[in-house]
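Me: I would like to learn how to read the contacts between parts of a protein model. Could you walk me through them with an example?

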Protein chains: 2
Amino acid sequence: MAVRKVYGTLNSPATLKVLACLFEHDLDFELVPVNLDAGEHKKKPFVSMNPFGQVPVYEDGGIKQFESRAIIRSMSFENGKKGEELIFWDARKQAVVANWIDVEAHQFEPAALKLINEMVIKPKNGLAPDQGAVAEAEAELGNVLDVYEARLVKSKHLGSERYTIADMLHLPNLQSLMGTTAKKLIESRPHVKAWCSQILARPAWGKVLEMKRKAQAS
Amino acid sequence: MAVRKVYGTLNSPATLKVLACLFEHDLDFELVPVNLDAGEHKKKPFVSMNPFGQVPVYEDGGIKQFESRAIIRSMSFENGKKGEELIFWDARKQAVVANWIDVEAHQFEPAALKLINEMVIKPKNGLAPDQGAVAEAEAELGNVLDVYEARLVKSKHLGSERYTIADMLHLPNLQSLMGTTAKKLIESRPHVKAWCSQILARPAWGKVLEMKRKAQAS
């Protein structure tokens, strides 16, 4: 019986990040679908869980959280087991991970979402990408990935040598970008390319993709 | 001898948040001024500390961090003392605080900065505010503060009954807004008004304002 519930959708990067974290920690959960096309996230009862009307909401033992990165940080601290954790218990080591968690939020994702909007979302809705916006977003994401390349020359993962939630938070948007011509931005940077291949191959991420495949097939 | 250094400026909300956190924890530090007007944050040596070229950078014992909220979370976990901490050691209680930390980042600050840009920054640079943009930003911030009002009816502070870093992160932008006509957005919501008055009166925040006064006088 899953006590944990994720209210969200498999089309939402923030929802997918939370699912990846649940699989990483081998936690049982139930995904409760929220129909964004029908605007369910802007109506009751959803807005009584997240008054900002955004997915996902995560419910665990009566506590509801709706900011995906907060959910992921909390889940990882609560469920990390010695030797398998995606965070560090050492404050100084975790400080570096924390920094790269917030880089994903404030540098990587804004640039990535602009590109994904032009190259994935618009075409899905029958609209042509705005080529000026694409060029601008590519330049912006390129600058972020230049910083990542320099970082990954010195460290196998963003926050430390080992995989942490700072890397994990990148998965949904990296996966989307790799399905577009923007993958050249990743593949032209050797350390970013190697990091990207490696983290996309995490078994927990494979389980998220498998959920998506099953949902699309049904 | 201050081992901790903050590279930043007293005009930067992110820098002020970090200073408030240092004062809350009674930690010695040195503020190393970065001249944004001269573009020092976009040049060496600054960009070797933060390749994204933004203030502040926080240096403590060889570890450099540049995302302000990451600095604050880490500092509070490393230095919180039983009974005086701005976080919770209990994972479930901290999960709620974590949620409101990220609400400040993704809901409150974006709306607040739009208004502050129009009503504080533009006039300082001799430009007139765009009244359409002001109206739009006021509506956006009003929606966020409606959520805060409902939250603060149930809880004295955002993340819990007591003051935590989730509240502290709001200080610089609340202080700026209270110096503009946008203070009506705060004062028209009784629980937001009471919360705002109370957190702006924190002695640690008073020390930050005192630093600003001294710098302006010298």
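Me: Which surface do the copies meet through, the same one or different ones?

Reply: A good way in is to compare the interface residues of the two copies. In this predicted model, 100% of the interface residues of chain A are also interface residues in chain B, so the copies meet through the same surface. In numbers, 29 residues of chain A are in contact with 29 residues of chain B.

Me: By what turn can chain A be laid on chain B?

Reply: A turn of 180° with a shift of 0.0 Å along the axis lays chain A on chain B, with an RMSD of 0.0 Å. The two copies are thus related as by a two-fold rotation axis.

Me: What area is buried between chain A and chain B?

Reply: The general idea comes first: interface size is often given as the accessible area lost when the parts come together. Here, about 2800 Å² is buried between chain A and chain B, and carbon and sulfur atoms give 57% of that area.

Me: How many salt bridges and polar contacts are there between chain A and chain B?

Reply: The two chains share six salt bridges and 18 residue pairs in polar contact, both residues at pLDDT 80 or more. One of the salt bridges joins the side chains of Arg73(B) and Asp102(A), at 3.1 Å from N to O.

Me: Which element of chain A gives the most to the side that touches chain B?

Reply: Helix 4 of chain A does, with twelve residues. By class, that side of chain A has 15 nonpolar, seven polar and seven charged residues.

Me: Now for the inside of one chain. What does the domain assignment of chain A give?

Reply: The assignment gives domain 1 (5-85) and domain 2 (91-203). Their C-alpha centres lie 21 Å apart in chain A. Twelve residues from domain 1 of chain A and 14 residues from domain 2 of chain A take part in the contact.

Me: How much area do these two domains of chain A bury between them?

Reply: Domain 1 and domain 2 of chain A bury about 1100 Å², with 65% of it on carbon and sulfur atoms. In domain 1 of chain A, the residues that lose the most area to domain 2 are Lys17(A), Glu24(A) and Arg69(A), together 46% of what that side buries.

Me: How many salt bridges are there between the two domains of chain A?

Reply: The count is five. In one salt bridge, the side chains of Arg202(A) and Glu24(A) meet at 2.8 Å, N to O.

Notes. Residues are numbered from 1 along each chain as its sequence is written. Chains are lettered from A and ligands numbered from 1 in the order in which they are written. This is a predicted model: local features need pLDDT of at least 70, side-chain atom pairs count only at pLDDT 80 or more; totals for chains, interfaces and linings use all residues. Side-chain values use heavy atoms; hydrogens and water are left out. Copies are superposed by least squares on the C-alpha atoms of residues with pLDDT of at least 70 in both. Contact means heavy atoms within 4.5 Å. Buried area is the accessible area (1.4 Å probe) that two parts lose on being put together, summed over both. A salt bridge is a side-chain nitrogen of Lys or Arg within 4 Å of a carboxyl oxygen of Asp or Glu. A polar contact is a pair of N or O atoms within 3.5 Å; within protein, one must be able to donate a hydrogen and the other to accept it, and residues adjacent in sequence count only if both atoms are side-chain atoms. Helices (H or I, at least four residues) and strands (E, at least two) are DSSP runs, numbered from the N terminus. Ala, Val, Leu, Ile, Met, Phe, Trp, Tyr, Cys and Pro count as nonpolar, Asp, Glu, Lys and Arg as charged, and the others, Gly among them, as polar. Domain bounds come from an automatic or database domain assignment.
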